[in-house]
Amino acid sequence: MSHGGGGRAMARLIRDIFLRHLANPLLDQGHDATRIDAGSGRIAVTTDAHVISPLFFPGGDIGSLAVHGTLNDLAMAGARPLALTAAFIIEEGFPLADLDRIAASMGRACREAGVPVATGDTKVVERGKGDGVFITTSGVGVVPEGVDIGPRRLRAGQAILLSGPIGDHGIAILSKRQGLEFGTEIRSDSAALHRMVADMVAAVPGIAVLRDPTRGGLSATLNELAGAAGLGMQLDERAIPVRPEVASACELLGLDPLNVANEGKLVCICEGEDAETLLAVMRAHVEGRDAARIGHVTVGPAGFVCMTTAIGGQRVVDWLSGEQLPRIC
Amino acid sequence: MTAADAWVGRRIRVRGLVQGVGFRPHVWRLAQALNLAGSVANDGEGVVIHVWGDAATLDGFQARLWREAPPLARVDGMEAAPHDGPAPGGFTITASAAGRVRTGVVPDAATCPACQAELFDPADRRHGYAFGNCTHCGPRLSIVSAIPYDRANTAMAAFPMCPACAAEYADPADRRFHAQPTACPACGPRLWLEPAPDAGTDPLDAAAALLRAGGIVALKGIGGFHLACDAANAGAVMELRRRKARDAKPFALMARSVEEVGRYCRLDAAARDLLTSPAAPIVLLPRRPDGAPLPDGLAPDQDHLGFMLPYTPLHHLLMARLDGPLVMTSGNRSDEPQVTANGDARDRLAGLADAWLMHDRAILNRLDDSVVTTSAGAPVILRRARGYAPVPLPLPSGFEGLPPTLAMGGELKATFCLMREGQAILSQHIGDLEDAAALDDYRAMLRLYRDLFDFTPAVVAVDAHPDYLSTTLGAALARECGARLVRVGHHHAHMAACLADAGIGLAEGGEGAFGLVLDGLGLGADGTLWGGEILQGGYRGVARVGHIAPVALAGGAAAMREPWRNLVAQLRHAFGAAWRDHAGAVLAHLPPGAPVALLERMLETGTNTPPCSSAGRLFDAVAAALGVHPARIGHEAQAAMALEALARPHLGGVQPYPVALGGGDPVVMGWAPMWRALLADLATGESPGRIAARFHLGVAEALVAAVARVGASQGTVVALSGGVLQNAIILGELQSRLRGIGCRPVTHRQVPANDGGLALGQAVLGALMAPTA
Ligand SMILES: [Fe+3]
Ligand SMILES: [Mg+2]
Ligand SMILES: [Zn+2]
Ligand SMILES: [Zn+2]
């Protein structure tokens, strides 16, 4: 692909690749601003810039990830997604075949999710000014009446649920990027969670918190919530699902699965009496097949997440400041 | 009245640890004996005495005040001035003036000789009673909940004194005058055994029988529970290891007497003094080659044993029923903090103990046993807790008048430090903060110490590492108190801790000194991980003038647990991708099935392999090369300690390995020549002990050569700090070699060289770095 300032080449690119894979009635309106019938309820809006290396990885690619990530951000507000937008920043020279693969994957993810890309934009930057392709997706959705999700609703005694095994995405990306071949291929868990969330919200409208433990993993998500609410959390390590191959990869890499990113998991915090109902709803979906109750909210120590370890000790689940510098040695 | 006409008055000020230790009754008794008149009182600065008598008697009085001071007192200074006014009739103890007095709290102290004598005197009313104590001994910090230090603010509040105890408590002539935890069988704590023995069986007899039969007994002590078993019973020792899930960490031992310790270990005068001191620490002692046999499982790979003597009446009564030493290890699972509460002991030690010897005096504050060794006849403290905390450490000159500073310490072996008015109060060893119970203790102790010492910080000093829990807590605390937050470099703090601990004042140690700081890792000033550092400067600031060549930590903290990772990283660093061609026999020491190829790939791609100039990991790598715990270590420094023990007998007969001094500014110590020589030695079948010795000497030689290269000269102060300095060979070799080039090595005295002493350095640096308002 060559660097263009709009014009005919760009129009052809959009038509041949994006419109072909992402076609839907909203996008086909051909407007810069697409009109959507929102029905009643509050509007939820989100946006996410996706930069990832490698662009293709076991279990997905940047295209499907861009769709899932934004749908999940809407879902975590309890919203029913209506539409997405997508903006592509493409580095000059990026292979068209790869772009086609990404757009196709996006189209597939949208169709599976039942949520269209309503409008989009494409820019090409000079060689060396990008890293293949960046995708920014925004999403709009509607939050049903009676749903009010947020950390200020956290109370001591509430149950902490997790929709399935952690660490798959981060390890899949890392092993692909660094060429680390573990015995079994570890696949990203990238998936759209909004359908499962819709059923969860329908079953228990009073869910206190939904979060997708993406960057920083489960520990960052829970520490952030504990800090925001001024409460503590108590986890049970044995209850937290981790695939054996992910656990052993983490062991070698010296990483804690609790700190590793996920792209198709959610944490749900709810009243204790709703926990079993929600677990049943989650387990009825393929994305929540291995859902588990992993702990509960405590009065304190405020802002700390503690965990009963597999050998029965109590450890503080830490929140690392990004760099992942070892503290102890 | 002729005598009284010649009387003069004096005002005597006594400074030091003179409150809560029976100093006023000591003054009173002495004045009574010498027929002096006057009064004695506590005040904000210590003890003040107004006394009248003839000049010669007063001189004698002063001399004896000092010489015969009570066992727990520490007299730092005494000044006398003439005092006008008429002599009162008699000598009185004046009640403390409310408000200004800072009685503080003294450390827990081992049962004194007088109380021991009572314990075994059938005529005494405390004969056989497990909880007797007096002004000179007994629990202190472990039972206090608030100031002032009165019985009502201790765990003894639950035990109202009987008339006999109350009379002793009120009598200045009695050894128990104002002894807050005093007790007797009529009014004090009770002892029992669970499960209960047959009716009528004494709980101590039953516990002793169980121990003799190879059982494991949980024993409630001063600062926490212990797990005890017969140290001579190999089966019991192995069973205790199995139940504790503790494969190799040495067990502490308790012997009845110094003489009994001497049957197993070599003792010098310093070690004897330590064993019998009121602090009664665990003393690490070299095993006697001809010593009485003990099971190998007590301290695998170690040439030292850790012994302590009984320090409570309960210990004395139990040991008197046995005929050999007991294992006395902390009552916990694996590496958790020891339990302190009866309920926790029942729950957490279920399955570990066969019986529980418990009592109803609560342990309010956990205090682990302190661990001390000796070097060249002087004590070297390895873990500072029971018996030492919270004794204030006097700081050298130059630290007066600085803002009150709270230093939060490190992450492992955490302690914190309150610094004020030229004194530093270092908390007891609390443990690894990632352990939730230790973190709880840390927060509770912080509250307690701030209350006991009425302390509000103007400065909070934390480590530069953003992810230490102590850093997070310190930042929050600084916000709460409106204090300044100061981030202190890890190795600078180590160096400053050593300088301050060694009594180097601000004027002398401000700049121009060197620091040799060797540890596992800490965050350096350039944002990378440091751990084998030569720093130049002092309290006012340091420059990194030399360091160990940085080598990848393959898998971050996983490199600490698995020494083989460091071996691969070191060899790959020394020889490049073709390292296997050089490795020879070492390859056989890589653990079977170890994912070496994947680890190499991690190293190639820089996947969680941050470079670190760690000294600790270098020791691990060399240990792994010799087949010493290559796969995994169960406790910190396990491989390095085994390597040290291996090296010790061979130091005399070997040459140091060569080390490359490269770089320039800073000078970088590279280990490729060392590895080449080591691998050649292995190839020729040289013994692991001699190789270990050559390595130790090589490290010491390289460090000293590097210090000389960067400008250390005649009289230069070189501070030796960091956890690796707990290696006695390295410490000793560095000291003698530094003296050999005319330098003046200084070492830790009162605080550990490892991160347990870090807070002291953070405190002095934090106070200096915070601009005065
Ligand atoms: Fe350190
Ligand atoms: Mg987002
Ligand atoms: Zn006593
Ligand atoms: Zn009594």
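**Figure 1. Leu393(B) meets its bridge partner in a neighbouring strand.** In this predicted model, Leu393(B) is bridged to Ala424(B), a residue of E19(B). The two strands concerned, E16(B) and E19(B) (residues 423-426), run antiparallel and share two bridges. Strands of a sheet pair through backbone hydrogen bonds, either parallel or antiparallel.

**Figure 2. An open sheet of six strands in chain B.** The strand order is E16-E19-E18-E17-E20-E21. Pairing in this sheet is mixed. Strand E16 (393-394) and strand E21 (484-488) of chain B form the edges, each pairing on one side only.

**Figure 3. The annotated active site of chain B.** UniProt, in an unreviewed entry, assigns the feature "active site" to Arg24(B) and Asn42(B). These positions span 19 residues in sequence, yet their C-alpha atoms are no more than 7.7 Å apart, so they gather at one spot. Arg24(B) belongs to helix H2 (residues 23-33) of chain B. Asn42(B) sits in strand E2 (residues 37-43) of chain B.

**Figure 4. Surroundings of Arg24(B) and Asn42(B).** Are these two residues buried or exposed? Arg24(B) has 25 C-beta neighbours inside 10 Å and therefore counts as buried. Asn42(B) is also buried, with 22 other C-beta atoms within 10 Å. Leaving aside residues up to four places away in sequence, Arg24(B) touches Val40(B), Asn42(B), Val47(B) and Ile93(B). The contacts of Arg24(B) thus include the other annotated residue, Asn42(B).

**Figure 5. Domain 2 against domain 4 in chain B.** The domain assignment divides chain B into domain 1 (2-93), domain 2 (191-371), domain 3 (392-437 + 449-502 + 754-769) and domain 4 (548-746). Domain 3 is listed in three segments. The centres of domain 2 and domain 4 of chain B, taken over C-alpha atoms, lie 35 Å apart. Seven residues of domain 2 of chain B contact seven residues of domain 4 of chain B. On the domain 2 side, the contacting residues comprise one nonpolar, one polar and five charged.

**Figure 6. The face of chain B that touches chain A.** Here 38 residues of chain B are in contact with 23 residues of chain A. On the chain B side, the elements giving two or more residues are helix H12 (436-452), strand E22 (513-523), helix H16 (558-561), helix H19 (596-605) and helix H20 (615-625). Which element gives the most? H19(B) does, with four residues. By class, this side of chain B has 20 nonpolar, 10 polar and eight charged residues.

**Figure 7. Pro144(A) in its loop.** Pro144(A) is placed between strand E6 (133-143) and strand E7 (159-162) of chain A, in the loop that links them. With 16 other C-beta atoms within 10 Å, Pro144(A) is partly exposed. Not counting residues up to four places away in sequence, Pro144(A) touches Gly41(A), Arg80(A) and Val201(A). Asp100(A) is 44 residues from Pro144(A) along the chain, and their C-alpha atoms are separated by 36 Å.

**Figure 8. Chain B as the setting for the close-ups.** Chain B contains 25 helices and 30 strands. Its radius of gyration is 28 Å, close to the 28 Å that the globule rule gives for 773 residues, so chain B is as compact as a globular protein of that length. Along the principal axes, the C-alpha atoms of chain B fill a box of roughly 95 × 65 × 50 Å. Buried residues make up 57% of chain B. Among contacts in chain B with a separation of 6 or more, 73% join residues 24 or more positions apart.

Terms used:
Residues numbered from 1 in each chain as written. Chains lettered and ligands numbered in written order. Predicted model: local features only at pLDDT ≥ 70, side-chain atom pairs only at ≥ 80, totals over all residues. UniProt positions renumbered as here; feature names shortened; annotations may be inferred. Buried ≥ 20, exposed ≤ 12 C-beta atoms within 10 Å, placed from the backbone. Contact = placed C-beta atoms within 7 Å. Pairing = 2+ DSSP bridges. Domains from an automatic or database assignment. Nonpolar A, V, L, I, M, F, W, Y, C, P; charged D, E, K, R; others polar. Rg over C-alpha atoms; globule rule 2.2 N^0.38 Å.
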